[in-house]
Amino acid sequence: MVNPDMILASGISKSFAKQRVLVDVSFSVAPGECIQLLGDNGSGKTTLLRALATLISVDQGSLVIDGYDSQKDKTCIRGKIGFLGHQPLVYSNLTVSENLNFSASLFQIVNYRIKLSEVLDRVGLADFRDKRAGMLSHGLMKRLSMARILLQEPEILLLDEPETGLDNQGVSMLQELVNANKLRGGSTVMTTHNPESTRSIADRVLMLTGGKITPAS
Amino acid sequence: MIESLKIISAVIIAILKKDLLQEKRTKETFIPILIFGMLIILIFGFAVNPSPAVLVSIAPGLVWVVFVLAGFLAANRSLVIEMQEETIDLLLLAPVSREFIYYGKLLATYLLMLFVELLMLPVLGIFFEINLFTIEFALLLIIATFGLAVVGTLLSAISVNTKAREVMLPILFFPMIIPIIICAVASTELILGGSGLGDIRGWLQMLLIFDIVFFVLAGLCFDFILEE
């Protein structure tokens with residue numbers, strides 16, 4: 001039977017020490033759908049996104065991503081995910097192009113050298129390709145992270161407050177990234193503190209309150 | 001199978017090249033451990049100042065004290081540097097089994113350690129009046145340093161998720177490498193006394209067994225160690 005959902009979370013719970021961060025979280029994301037996940041600080045948004053990215057394991061529940069079980073098939077899941085977290089995940093002493101070359105090797109991206117120039121143009125970093133990443137502003141580092149994801153062309157985007165630190169041009173690039181993913185049939189889960197900036201690309205909104213999912217009003 | 005091996009080796013080499021490139025640019029690990037190693041040699045050289053007969057008996061231990069302490073600093077940096085750069089998630093997101101990330105890091109640490117040890121060899125020779133430029137010692141250095149790198153890189157991973165890492169890492173590292181120190185010092189004593197490969201074979205075999213066992217265990221544990 002073909003699973004219609006790209007992401008299927010059932011009864012996910014996670015605690016750190018004795019602090020319950022996620023409590024019986026269940027939701028699904030269809031192919032081509034973009035979910036906006038809202039919640040206050042400490043509501044568990046980042047933890048949920050990191051669980052989806054297999055960066056942390058859950059205590060209870062099941063997580064199936066594109067048909068793969070997150071407990072058994074982590075390697076397969078990681079190949080399908082583009083993760084944009086709070087940290088840009090760039091090496092400050094490597095240049096922009098060296099950072100992308102390394103990511104491409106790590107994620108086994110075929111023919112990335114051909115795509116590299118185009119990707120740098122799309123995120124507005126063509127003039128910075130030989131500049132050390134440590135000399136970039138936070139916003140430009142964020143764009144470098146987007147470039148990493150553009151090279152990957154993942155099926156699932158997991159974006160944790162992606163608009164933070166981006167100017168209007170950067171936010172437009174982010175919207176393009178999500179829309180392009182949707183057109184390819186990919187799914188997106190995006191957390192945000194500023195729902196208005198990304199409301200236009202979201203198909204559905206979920207609230208995370210005290211570690212529990214509720215539909216947004 | 002061949003395709004999988006290609007992918008695995010590509011990832012390991014990518015991590016190795018990245019680490020070596022970073023080190024070449026910053027020299028954040030290489031310079032401090034070289035200076036530290038040289039300082040230990042100097043301090044021992046001036047503090048001990050024994051007769052030639054006494055020097056011959058304590059030189060093997062001194063050599064490995066220098067290498068172990070310098071090697072500890074190199075191994076410590078291995079994964080801590082990823083934490084400082086806040087890039088550890090990038091490695092954890094890679095679609096490969098995590099032991100291959102460990103192998104890439106291990107290779108980089110191992111090559112760095114060997115390089116620093118090679119630079120310290122002539123200084124050790126001058127201060128302690130010993131000749132370490134022999135095939136037997138080269139073989140010993142290669143095998144023993146690998147063991148130090150295996151243990152050190154693994155423990156560096158443990159310390160990533162530990163608050164008291166400056167304390168935890170030496171507490172864990174030094175007891176675990178005691179077998180390496182015993183075998184290495186005994187072999188060095190024999191080598192400096194003029195013994196050949198045949199005489200140190202038993203010690204080298206023990207070192208090899210240690211290296212293989214810990215190499216396999218470290219690969220198996222690595223994912224578990226880094227998991228939140």
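Me: How far apart are the centres of domain 1 and domain 2 of chain A?
Reply: In this predicted model, the centres are separated by 24 Å, taken over C-alpha atoms. Domain 1 covers 1–80 + 154–217, and domain 2 covers 91–153.

Me: How do you know which residues of the two domains are in contact?
Reply: The C-beta atoms, placed from the backbone, must lie within 7 Å. By that test, 10 residues of domain 1 of chain A touch 11 residues of domain 2 of chain A. On the domain 1 side, helix α6 (residues 168–183) of chain A gives the most, with 5 residues. That side has 6 nonpolar, 3 polar and 1 charged residues.

Me: How do you know whether α5(A) is roughly parallel or roughly antiparallel to α6(A)?
Reply: Take the angle. Helix α5 (residues 138–152) of chain A packs against α6(A) at about 15°, with the axes 11 Å apart. Angles under 35 degrees count as roughly parallel, so α5(A) is roughly parallel to α6(A). The crossing of the two helices is left-handed.

Me: What makes the contact of α5(A) with α6(A)?
Reply: From α5(A) come A:Gly139, A:Lys142, A:Arg143, A:Met146, A:Ile149 and A:Leu150. From α6(A) come A:Gly170, A:Met173, A:Leu174 and A:Leu177. By class there are 6 nonpolar, 2 polar and 2 charged residues. Gly counts as polar, so A:Gly139 and A:Gly170 go into the polar class.

Me: How do you know that β6(A) and β7(A) pair, and in which sense?
Reply: Pairing needs at least two bridges. β6(A) and strand β7 (residues 156–160) of chain A have 4 bridges, in the parallel sense. The cut-off is met, so the two strands count as paired. A:Gly82 stands opposite A:Leu157 in β7(A).

Me: What makes β6 and β10 of chain A edge strands?
Reply: Each pairs on one side only. They sit in an open sheet of 6 strands, ordered β6-β7-β8-β3-β9-β10 (chain A), with mixed pairing. The twist averages 20° from one strand to the next.

Me: Where does α5(A) lie, and how does its direction compare with that of β6(A)?
Reply: α5(A) lies across β6 and β7 of chain A and runs at about 175° to β6(A). Angles over 145 degrees count as roughly antiparallel, so that label fits α5(A) and β6(A).

Me: What makes up the contact between chain A and chain B?
Reply: Chain A gives 22 residues and chain B gives 22 residues. On the chain A side, the elements giving two or more residues are α2 (74–78), β6 (81–84) and α3 (96–106). α3(A) gives the most, with 4 residues. By class, the chain A side has 11 nonpolar, 10 polar and 1 charged residues.

Definitions and conventions
Residues are numbered from 1 along each chain as its sequence is written. Chains are lettered from A and ligands numbered from 1 in the order in which they are written. This is a predicted model: local features need pLDDT of at least 70, side-chain atom pairs count only at pLDDT 80 or more; totals for chains, interfaces and linings use all residues. Domain bounds come from an automatic or database domain assignment. Axes are lines fitted to C-alpha atoms, for helices over the stretch in contact, and angles run from 0 to 180 degrees between N-to-C directions. Angles under 35 degrees count as roughly parallel, over 145 as roughly antiparallel, 65 to 115 as roughly perpendicular and the rest as oblique. A crossing is left-handed if the near helix is turned anticlockwise from the far one by less than a right angle, and right-handed if clockwise.
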